[in-house]
Amino acid sequence: MNVFETLESEVRSYSRSWPTVFDRASGTWLYDADGKPYLDFFAGAGALNYGHNNPILKRALIDYLERDGVTHALDMGTVAKRDFLTTFRDVVLSPRGLDYKVQFPGPTGANSVESALKLVRKVTGRESIINFTNAFHGMTLGALSVTGNSMKRGGAGIPLVHATPMPYDNFLDGRTPDFLWFERLLEDSGSGLNEPAAVIVETVQGEGGINVARPEWLRALAELCKRHEMLLIVDDVQMGCGRTGPFFSFEAAGIVPDIVCLSKSIGGYGLPMALTLLRPELDVWEPGEHNGTFRGNNPAFITAAAALQEYWTSDLLEKGTRAKGEHIGRALESIAESTPGVEARGRGLARGLAFDVPEQAGQVCRAAFERGMLMETSGPESEVAKLMPPLTVTDEEVERGLSIVTDAVRSVCG
Ligand code: PMP
């Protein structure tokens, strides 16, 4: 008998999609308790950009534990934290000319979003936040209230937000995006929309179905924010840390958000860690105003700093991500061309196949699982089969994954 059937709550999803018990993991591979290998094109939903048990990060972590480095310290000053902050400034912020203060909002992406939402309301004295259709920002109440997926939101969203459709590549039909209609609403005091505190946006909606925002649209959005004194929050929880190529996903558009949410792969080793980056003048927090027991995950500071040193002091990972991503993109385009009702989407190593018949996406993921590969669905109707391997995936693993996906699509769509 499957132990999950008898012991686990009904509130589970991945253990239904992948009905096995995983035991070990290394690089792009997970192994179940019987030793069966699975190629991991899920990568902890973007939390494992450097692969499972990355040997460089593992070494740094073991060394730290062996010298009895501090593991838990709330938000006390520690050497691990100091070294992470210095490395983050030297490797990530300074070379990009970015000036942000770093807040540790709690261990998860949702914690980062919550702190951003609280801060923009405090700074501006305004209440509402503009979010986008199909956005996903986390499962806590505030984050849910700016999440555009009604199944995820359930009855929980607090009514302080305005959702608006987002003209992503796959919705645009070749039209030029503009904000005329939206700006009219902002200026119309009867619309109830006037004076929002901020806009929160993902440059590529991961959970929303790999919806890629065009750079010119993001620039227009940043301009709109300036004109209406709204703060711009980029939620880079899933697309940051190199998932789309550059360290921050918004770099490609040349915009500088007021606030950036980071989590998932920032810890590097799958350890919980999140950051909220704020323009220095926005730091109006009082000491203790946004706190929490697990804000200072020191082992994660160690692996995070090691990951930045190893992968972001040269452009090798970024270039590799672009090249592998484009290769996967071309392969998915060719699957889409030969399969009616299928569309290829994505940027960098965030890729997806969208199916006109939504159930087919789940069937393809199940067929991939039977062939020894993990990939998950996303999108409002779970209509997108998502491919997000670790950025350290090898060329051979990419080929293996693509041949499994091709075979899985053929088995479902004929
Ligand atoms: N924002 C985005 C864009 C996400 O993809 C996620 C997680 N999928 C979150 C926020 C929430 O992160 P967490 O699950 O760590 O709370």
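**Group meeting: strands, core and ligand shell**

Hi everyone, let me start with a strand pair: β3 and strand β15, residues 373–374, run parallel to each other and are linked by two bridges. Within that pairing, D40 has L374 of β15 as its bridge partner. Before I go on, please keep in mind that this is a predicted model.

β3 has another partner as well. Strand β2, residues 29–32, pairs with β3, residues 37–40, in the antiparallel sense through three bridges. Here L30 sits opposite Y38. The two strands make a hairpin with four residues between them, and G35 in the turn has a positive phi of about 85°.

Now to the interior. The largest nonpolar core has 113 residues, and those touching the most other members are V120, A198, V199, L231, I233 and I259. Helix α12, residues 298–311, supplies the largest share of this core, with nine residues. So where does the core lie? It lies between domain 1 (3–54 + 316–413) and domain 2 (60–311), because both give residues to it.

Let's zoom in on I259. Setting aside neighbours within four places in sequence, I259 is in contact with A116, L119, V120, L231, I233, T276, L277, L278 and L282.

Finally, the ligand. There are 15 residues around the ligand, and T108, G109, A110, G138 and Q238 come nearest. Which helix gives the most to this shell? That is α6, residues 109–124, with three residues. For those of you thinking about chemistry, the shell has seven polar, five nonpolar and three charged residues.

That's my tour, thanks for listening!

Key. Residues numbered from 1 in each chain as written. Predicted model: local features only at pLDDT ≥ 70, side-chain atom pairs only at ≥ 80, totals over all residues. Near = placed C-beta within 6 Å. Nonpolar A, V, L, I, M, F, W, Y, C, P; charged D, E, K, R; others polar. Core = buried A, V, L, I, M, F, W, Y, C linked by C-beta atoms within 7 Å. Buried ≥ 20, exposed ≤ 12 C-beta atoms within 10 Å, placed from the backbone. Domains from an automatic or database assignment. Contact = placed C-beta atoms within 7 Å. Pairing = 2+ DSSP bridges.
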